[in-house]
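Here are a few short exercises to help you find your way around a new fold. Try each one with the viewer open, then read the solution.

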Amino acid sequence: MPAFTHAIGFDDLPFERDWRGDVRIIGTVYAQTTLHGVVSGKVRRDGRNSTAELTRLVDTSLFRPHLHLILLQGVALAGFNVVDAHKLSADTGLPVMVVARREPDMERIRAALLDKVPGGQRKWRLIEKLGPMEELRGVWVQRVGLSLKDAGVALHHLTLTGNIPEPLRSAHLIAGGVGSGHSRGRA
């Protein structure tokens, strides 16, 4: 069983509510709780290119040979650019774990997607395909390619401060600092 000690975690930069266009994303590469690298890319606000861009960032990273796991701070980037976690896992050959601080209001997300977002039905199907979030070690997770037990092992190895794994916590801090000139302490 892999120890899931080497991971890349992604988050997006803050953007204005009325922004339309590309949004920068940050990925941080960790070996357990030590930062080893940073990657960045762009995805379209409410678009559909997040899976392809994450695949590109993972597969072209100098750290790719060492990675065990991809972590996402929620299943969407840049608003509702929903990641196809199953395709991301299949294309990279790595398991994917979606992490949230609290259980999301899925009915509210569904309504927003179906009523307000172009391609919302397709995006909602991607979210439904992941199944319900599961509470684990103080956070909520969805997972592709790893058992609940392995997800717990990964959280154990990758979490130092609070409950959010370091790759996600630092991606969030870097994204905030780059995007708005300062970071906020919570991921």
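## Warm-up: the whole chain

Keep in mind that you're looking at a predicted model.

**Exercise 1.** Work out how many helices and strands the chain has, and decide how compact the chain is for its length.

*Solution.* Start with the secondary structure: you should find 6 helices and 9 strands. Next, take the radius of gyration, which is 15 Å. The globule rule gives 16 Å for 187 residues, and the two values are close, so the chain is as compact as a globular protein of that length. For a feel of the dimensions, the C-alpha atoms fill a box of roughly 40 × 35 × 30 Å along the principal axes. Finally, look at burial: 48% of the 187 residues count as buried.

## The sheet

**Exercise 2.** Find the order of the strands in the open sheet, then say which strands stand at the edges and why.

*Solution.* Trace the sheet from one side to the other and you get 3-2-1-4-7-9-8, a set of 7 strands with mixed pairing. Now check the two ends. Strand 3 (34–44) and strand 8 (134–136) each have a single partner strand, so one side of each has no neighbour in the sheet. From one strand to the next, the twist averages 30°. While you're here, spot helix 6 (residues 166–180): it lies across strands 1, 2, 3, 4 and 7, and runs at about 140° to strand 2.

## Zooming in on strand 4

**Exercise 3.** Which strands does strand 4 pair with in parallel, and are its faces covered or open?

*Solution.* Take one neighbour at a time. Strand 1 (residues 6–12) runs parallel to strand 4, and 4 bridges join them. In that pairing, Gly9 stands opposite Leu71, and Ile8 has Ile70 as its bridge partner. On to strand 7, which is also parallel to strand 4 and joined to it by 4 bridges. Here Ile70 is partnered with Val96.

Now for the faces. Leu69, Leu71 and Gln73 sit on one side, Ile70 and Leu72 on the other, and all are buried. That fits the count for strand 4, with 5 of its 5 residues buried.

## The cores

**Exercise 4.** In the largest nonpolar core, which residues touch the most other members?

*Solution.* This core has 33 residues, and the ones touching the most other members are Ile8, Phe10, Leu54, Val58, Ile70, Leu72 and Val96. Helix 4 (residues 120–130) gives the most to this core, with 4 residues. A second, separate core has 16 residues, including Leu69 and Leu168.

Now pick Leu54 and skip its neighbours within four places in sequence. What's left in contact with Leu54 is Phe10, Ile25, Leu72, Leu77, Val83 and Leu88.

## Two loop residues

**Exercise 5.** Place Ser61 and Glu103 in their loops, and decide whether each is buried, partly exposed or exposed.

*Solution.* Begin with Ser61, in the loop between helix 1 (50–60) and strand 4 (69–73). Its relative accessibility is 8%, and buried means under 20%, so Ser61 counts as buried. The Ser61 side chain also reaches the backbone nitrogen of Phe63 at 3.0 Å.

Then turn to Glu103, in the loop between strand 7 (96–100) and helix 3 (106–116). Its relative accessible area is 48%, so Glu103 is partly exposed. As a last check in the viewer, Glu103 and Ala52 are 51 residues apart in sequence and 26 Å apart in space, C-alpha to C-alpha.

Note on methods
Residues are numbered from 1 along each chain as its sequence is written. This is a predicted model: local features need pLDDT of at least 70, side-chain atom pairs count only at pLDDT 80 or more; totals for chains, interfaces and linings use all residues. Side-chain values use heavy atoms; hydrogens and water are left out. Buried means under 20% relative accessible area, exposed over 50%, partly exposed in between (1.4 Å probe, protein chains only). A polar contact is a pair of N or O atoms within 3.5 Å; within protein, one must be able to donate a hydrogen and the other to accept it, and residues adjacent in sequence count only if both atoms are side-chain atoms. Two strands pair if DSSP finds at least two bridges between them. A nonpolar core is a set of buried Ala, Val, Leu, Ile, Met, Phe, Trp, Tyr and Cys residues joined through side-chain atoms within 4.5 Å. Contact means heavy atoms within 4.5 Å. Axes are lines fitted to C-alpha atoms, for helices over the stretch in contact, and angles run from 0 to 180 degrees between N-to-C directions. The radius of gyration is taken over C-alpha atoms; the globule rule is 2.2 Å times the number of residues to the power 0.38.
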